[in-house]
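Here are a few short exercises to work through with the structure open beside you. Try each task before reading its solution.

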Amino acid sequence: MVAVVVDPVERNAEVADELALDYRILADPELKVIDAYGLRHERDGDTPIARPATFLIDAQGVVRWRELTDNYRLRPHPEEILARIDELP
Amino acid sequence: MPLSSAGLSAASSKLAAETEAGKLEIAPFTRPASPASTQVVERRGNLAPVLGLVAGLIAVVGYFALVLRQDPDLTSMLETPLLFLGILAAGVVLSLVGLRRALSPGGRAGTLARGFAVVLGVANLALSALFCWYLFGYSYRLPAAVAAPALGSPAPAFTAADQTGEPFDLASQRGRNLLLVFYRGFW
């Protein structure tokens, strides 16, 4: 698993440390990756961020599952993600 | 006897003279004791708006405190915030009861107490409305992800630095499955 976020490398290092995260968090302050995936969320008078999204990419680099929530409070549950991973060949 | 001002004045002088002479005893005026139930109602009238606002604050502060705890075992309480909405609803009912009492004519509450009740009631109604707007309005305000890669399409290539500054290239993941998660950030 890797995560992508607009925060800079230093901030991601702090967050990974504070929350004891053992996966890679990629910094995307210029929203290059976020735009490549069409996830830019412009906010009035505030810095743009990514809308939350989850993609499952298979060994051939093909998107096999995605979850684009319509409510940023609601994210896919770990059980659901694990079930989707199990469905992959 | 016809009542005239002269007669009244004469009666009053006679009464004063008799009182002074100790012939007439006048019992001191005592207010009849108000029944206990009236006092209880009055107290509740002041308590409802206070309890209403307290309930509203517990619901809202409790919700965001739970968000900040980031406990995966408690996320269902946030996704379906029935507990917090229940507390919020109880607070709204109390505030409405308090406002009704404060704004209804009659009753013994003074202007200050009524004003206090109205301020607390309105504050809680505003807080509750704001919280509901956050839950059911604001959090849905996301742009449509029309340009997001569709199922079955190749994942767009990218390279980005991880938290140690090490670059990550999506192409390097060929041959293994990858879960790619986008966060809003600004932690």
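**Exercise 1.** Leaving aside neighbours within four places in sequence, find which residues F182(B) is in contact with in this predicted model.

*Solution.* Start from F182(B) and apply the contact cut-off, C-beta atoms within 7 Å. Once neighbours within four places in sequence are set aside, the partners are V4(A), I34(A), Y37(A), L39(A), A50(A), P52(A) and A53(A).

**Exercise 2.** Place F182(B) in the largest nonpolar core, and work out which elements supply that core.

*Solution.* First, count the core: it has 26 residues. Next, look for the residues with the most contacts inside it, and you will find F182(B) listed with V4(A), V5(A), I34(A) and A50(A). Then assign elements: β1 (2–5), β2, α2, β4 (46–50) and β5 of chain A, along with β3 of chain B, each give at least two residues. The largest share, four residues, is from β5(A). Finally, look apart from this core for another one, which has 11 residues, including A55(B), Y63(B), L88(B) and L94(B). As background, nonpolar side chains tend to be buried together in soluble globular proteins.

**Exercise 3.** Describe the side of chain B that touches chain A.

*Solution.* Begin with the totals: 41 residues of chain B contact 51 residues of chain A. Now sort the chain B side by element; α3 (75–79), β1 (159–161) and β3 (178–182) of chain B give two or more residues each. Of these, β3(B) provides the largest share, five residues. Sorting by class gives 26 nonpolar, 10 polar and five charged residues.

**Exercise 4.** How many bridges join strand β5 of chain A to β3(B), and how do the two strands run?

*Solution.* Go to residues 53–57 of chain A, which form β5, and count five bridges to β3(B). The two strands run antiparallel. To check one pair yourself, take I57(A): its bridge partner in β3(B) is L178(B).

**Exercise 5.** Compare the settings of A20(A) and L31(A), and decide how exposed A20(A) is and how exposed L31(A) is.

*Solution.* Most residues other than glycine have a negative phi. A20(A), not a glycine, has a positive phi of about 55°, and L31(A) has a phi near 60°, also positive. A20(A) sits in the loop between α1 (9–18) and β2 (24–27) of chain A, while L31(A) is in the loop between β2 and α2 (32–36) of chain A. For exposure, count C-beta atoms within 10 Å: A20(A) has 6 others, so A20(A) is exposed. L31(A) has 18 such neighbours and therefore counts as partly exposed.

Methods:
Residues numbered from 1 in each chain as written. Chains lettered and ligands numbered in written order. Predicted model: local features only at pLDDT ≥ 70, side-chain atom pairs only at ≥ 80, totals over all residues. Contact = placed C-beta atoms within 7 Å. Nonpolar A, V, L, I, M, F, W, Y, C, P; charged D, E, K, R; others polar. Pairing = 2+ DSSP bridges. Buried ≥ 20, exposed ≤ 12 C-beta atoms within 10 Å, placed from the backbone. Core = buried A, V, L, I, M, F, W, Y, C linked by C-beta atoms within 7 Å.
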